[in-house]
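This report describes a single protein chain, beginning with solvent accessibility and then turning to the overall fold, one strand and the largest pocket. The sequence and the structure are shown below.

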Amino acid sequence: QVQVVESGGGLVQTGEALQLSCTISGVTFSNYAISWYRQGPGNERDLVATADNRGETTIYADFEEGRFTISRDNAKNTVYLQINSLKPTDTAVYYCKAERRGFLGNVIYWGQGTQVTVSP
C-alpha cells in the first residue's frame with residue numbers, strides 16, 4: 001500500500017522558517033519525481049517545486065525568490081521543502097505529489113497535506 005505523508009507544518013510568525021517533509025512508502029522511491037504544491041484559502045493548487053528522479057530540482061517561477069529550497073534523500077524516501085522568511089501569504093495547505101511514467105500513463109500519488117499558517 002502506497003503512503004504519502006507530509007509533516008512539518010504549523011503556526012509560525014512572519015520571518016520564521018519551516019522545513020516540510022514528505023515521506024513515501026510502498027513504492028520504489030528513486031523512480032519517482034516528487035513535487036510540492038500549495039493551496040491557499042480560496043486559491044487553486046499551485047506547483048511550488050519538483051525534485052525529479054535524477055536528483056535535479058526546480059523551483060517554479062512564482063517561487064523563485066530564494067526563500068524556497070527542495071531536496072531529496074533517497075535513503076530516507078523523503079523530500080524536503082525548506083521555506084525561509086515566511087510571510088502571511090505563504091499560509092496554505094502544502095501537498096506532496098509522487099509521479100512516475102507508467103506503461104499506460106503517469107502513476108500519481110498525493111498526500112493529505114500539511115497546514116502552514118503564518119501570523120503577521
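A residue is called buried when its relative accessible area is under 20%, exposed when that area is over 50%, and partly exposed in between. The model discussed here is a predicted one. S85 has a relative accessible area of 41%, so this residue counts as partly exposed.

**Two loop residues with positive phi**

S85 lies in the loop between strand 8 and strand 9. Its phi angle is near 45°, a positive value in a residue other than glycine. N77 belongs to the loop between strand 7 (68-73) and strand 8 (78-83). Phi of N77 is likewise positive, near 55°, and N77 is not a glycine. With a relative accessibility of 24%, N77 is classed as partly exposed because this value falls between the two cut-offs.

**Overall fold**

The secondary structure consists of 11 strands and 0 helices. Read from the N terminus, the order of elements is β-β-β-β-β-β-β-β-β-β-β. The radius of gyration is 14 Å, close to the 14 Å that the globule rule gives for 120 residues, so the protein is as compact as a globular protein of that length. The C-alpha trace extends over about 45 × 25 × 25 Å along its principal axes. Of the 120 residues, 40% count as buried. Among contacts with a separation of 6 or more, 52% are made by residues 24 or more positions apart.

**Strand 9 and its buried residues**

Which strand holds Y95? Y95 is placed in strand 9, and K97 is found in strand 9 as well. The accessibility of these two residues is set out here with that of the two loop residues.

| Residue | Relative accessible area | Class |
|---|---|---|
| K97 | 9% | buried |
| Y95 | 14% | buried |
| N77 | 24% | partly exposed |
| S85 | 41% | partly exposed |

K97 is a charged residue by type, yet its relative accessibility of 9% lies under the 20% limit, and therefore K97 counts as buried. With which side chain does the side chain of K97 make a polar contact? The partner is the side chain of Y37, at 3.0 Å. Leaving out residues up to four places away in sequence, K97 touches A33, I34, S35, Y37, I108, Y109 and W110.

Y95 is buried because its relative accessible area, 14%, is also under 20%. Beyond its neighbours within four places in sequence, Y95 is in contact with E6, S35, W36, Y37, Q39, R45, W110, G111, Q112 and G113. One of these partners, R45, is 50 residues away from Y95 along the chain, and the C-alpha atoms of the two residues are separated by 8.8 Å. S35, Y37 and W110 appear among the contacts of Y95 and among those of K97.

**The largest pocket**

How much space lies in the largest pocket? The volume is about 190 Å³. Its lining is formed by N31, A33, D52, N53, R54, E99, R100, R101 and N106. Strand 9 (residues 92-102) supplies the largest share of this lining, with 3 residues. By type, the lining comprises 5 charged, 3 polar and 1 nonpolar residues. A33, one of the lining residues, is also among the residues that K97 touches.

Definitions and conventions
Residues are numbered from 1 along each chain as its sequence is written. This is a predicted model: local features need pLDDT of at least 70, side-chain atom pairs count only at pLDDT 80 or more; totals for chains, interfaces and linings use all residues. Side-chain values use heavy atoms; hydrogens and water are left out. On a 1 Å grid over the protein atoms alone, a cavity is a set of points where a 1.4 Å probe fits but cannot get out, and a pocket is an open set with protein on both sides within 12 Å along at least five of seven lines; lining residues have an atom within 4 Å of a point. Grid points are joined across faces, edges and corners, and a volume is the space filled by probe spheres set on the points. Helices (H or I, at least four residues) and strands (E, at least two) are DSSP runs, numbered from the N terminus. Buried means under 20% relative accessible area, exposed over 50%, partly exposed in between (1.4 Å probe, protein chains only). A polar contact is a pair of N or O atoms within 3.5 Å; within protein, one must be able to donate a hydrogen and the other to accept it, and residues adjacent in sequence count only if both atoms are side-chain atoms. Contact means heavy atoms within 4.5 Å. The radius of gyration is taken over C-alpha atoms; the globule rule is 2.2 Å times the number of residues to the power 0.38.
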